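Work through the exercises below with the sequence and the model side by side. Try each task before you read its solution.

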Amino acid sequence: MLLHFGVETIQPEWPESIVSIGTFDGVHFGHQDVLRRNVEASREHLCPSIVVTFDRNPSAVVHPERAPLSIASLNDNIRMLSRLNLSLCVILEFGAALSRMSAQEFFDQILIRRLRARKVVVGYDFAFGNGRQGTTDWLRERIETEVVPPFEIDGVRVSSTTLRQCIAEGRVEEVTRLRGTPFEMPGVVIRGQQLGRTIGFPTINLARSTNQIVPADGVYAGFCRCSQGEFLAAISIGMRPTVDGTHRTIEAFLLDYPGESLYGESLSLGITHRLRDEWKFETLEKMIDQIHLDVAQTRSLGILS
């Protein structure tokens with residue numbers, strides 16, 4: 001999949017293309033269904049399949065007071081999109097200028113002039129342009145348009161809103177079921193209190209750079225993807241009440257990690273299973289006993305097998 005940031009440098013040599021537009025946050029099965037139909041149409045018409053997305057959720061500019069937290073980082077979304085056999089991904093900077101662009105301007109300048117769209121494939125709730133004037137009915141009056149109906153699994157409509165609710169409630173297994181891949185949190189490793197190393201469980205402390213949603217406080221099983229490879233991880237999210245924590249942290253103990261320092265490294269934590277709530281233990285010894293059980297359960301789940 002070719003990747004373009006903006007449309008200014010695109011000099012298309014193709015006479016026509018199939019285009020899908022959307023935020024595609026989390027690239028769940030509903031998004032994947034839209035883009036699968038895009039790819040099918042492109043093969044039918046022997047032309048490129050193009051996805052147009054944004055560097056942030058448009059709501060962050062248009063309605064910042066009610067903009068949702070992101071499900072995935074831009075890197076993660078691109079990685080997911082690259083698996084779908086699309087020809088080209090165009091990432092637009094959604095700033096003030098784009099937010100003021102009318103649907104007709106977007107249609108003329110981007111869809112037709114830059115991308116040479118012959119057909120648009122979009123989701124059932126799609127709209128674009130200033131004031132969301134570019135509805136699916138509006139598009140149908142100007143170009144061949146395929147509107148993909150809602151995607152459901154066992155009667156549950158798959159949407160970004162549903163994913164956010166699952167993550168916020170700690171139902172990470174459901175997230176994997178609705179998008180086909182685990183929820184991941186990218187970040188950089190920073191220095192913590194270093195208590196873990198004194199009790200035999202040295203942890204990494206994750207500092208994030210985006211307004212990504214965080215699962216409910218608790219202990220989770222998952223994996224860490226870093227420069228040294230992939231490792232099973234027992235992950236704790238919360239206030240650390242047993243040691244009188246003062247702020248929410250994201251910590252992970254990497255099973256079988258060789259031990260080289262990861263301070264300052266960027267990595268990603270994949271969260272696959274919720275093990276338990278965050279508990280306040282009467283003593284440090286009881287907490288250590290429970291950590292042994294958490295680590296054993298993480299290993300038994302066969303996450304990386």
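**Exercise 1.** Which residue follows helix 8, and what is the sign of its phi?

*Solution.* The model is a predicted one, in which local features need pLDDT of at least 70 and side-chain atom pairs count only at pLDDT 80 or more, while totals for chains, interfaces and linings use all residues. Residues are numbered from 1 along each chain as its sequence is written, and side-chain values use heavy atoms, with hydrogens and water left out. Helices (DSSP runs of H or I, at least four residues) and strands (runs of E, at least two) are numbered from the N terminus. Helix 8 covers 172–179, and the residue that follows helix 8 is Gly180, whose phi is positive, near 85°.

**Exercise 2.** Find the buried residues of helix 8 and explain why they lie on the same side.

*Solution.* Begin with the term: buried means under 20% relative accessible area, exposed over 50%, and partly exposed in between, with a 1.4 Å probe and protein chains only. In helix 8 the buried residues are Val172, Glu174, Val175, Leu178 and Arg179. Because these residues cover an arc of only 150° around the axis, they are on the same side of helix 8; the arc is that of the directions from the helix axis to the C-beta atoms. As a general rule, an α-helix has 3.6 residues a turn, so residues three or four places apart point the same way.

**Exercise 3.** Which residues touch the most other members of the largest nonpolar core?

*Solution.* A nonpolar core is a set of buried Ala, Val, Leu, Ile, Met, Phe, Trp, Tyr and Cys residues joined through side-chain atoms within 4.5 Å. The largest such core has 32 residues, and Ile204 and Leu254 touch the most other members. Among the elements that give two or more residues to this core are helix 7, helix 8 and strand 12, while strand 14 gives the most, with four residues. Next, look at Ile204 itself: leaving aside neighbours within four places in sequence, its contacts (heavy atoms within 4.5 Å) include Val189, Cys224, Leu254 and Leu269. A second, separate core of 28 residues includes Leu111, Leu115, Ala117 and Phe126.

**Exercise 4.** Where is His247 placed, and is His247 buried, partly exposed or exposed?

*Solution.* First locate His247, which is in the loop between strand 14 and strand 15. Then consider its accessibility: His247 counts as partly exposed because its relative accessibility is 44%. Finally, leaving aside neighbours within four places in sequence, His247 is in contact with Gly238, Met239 and Arg240.
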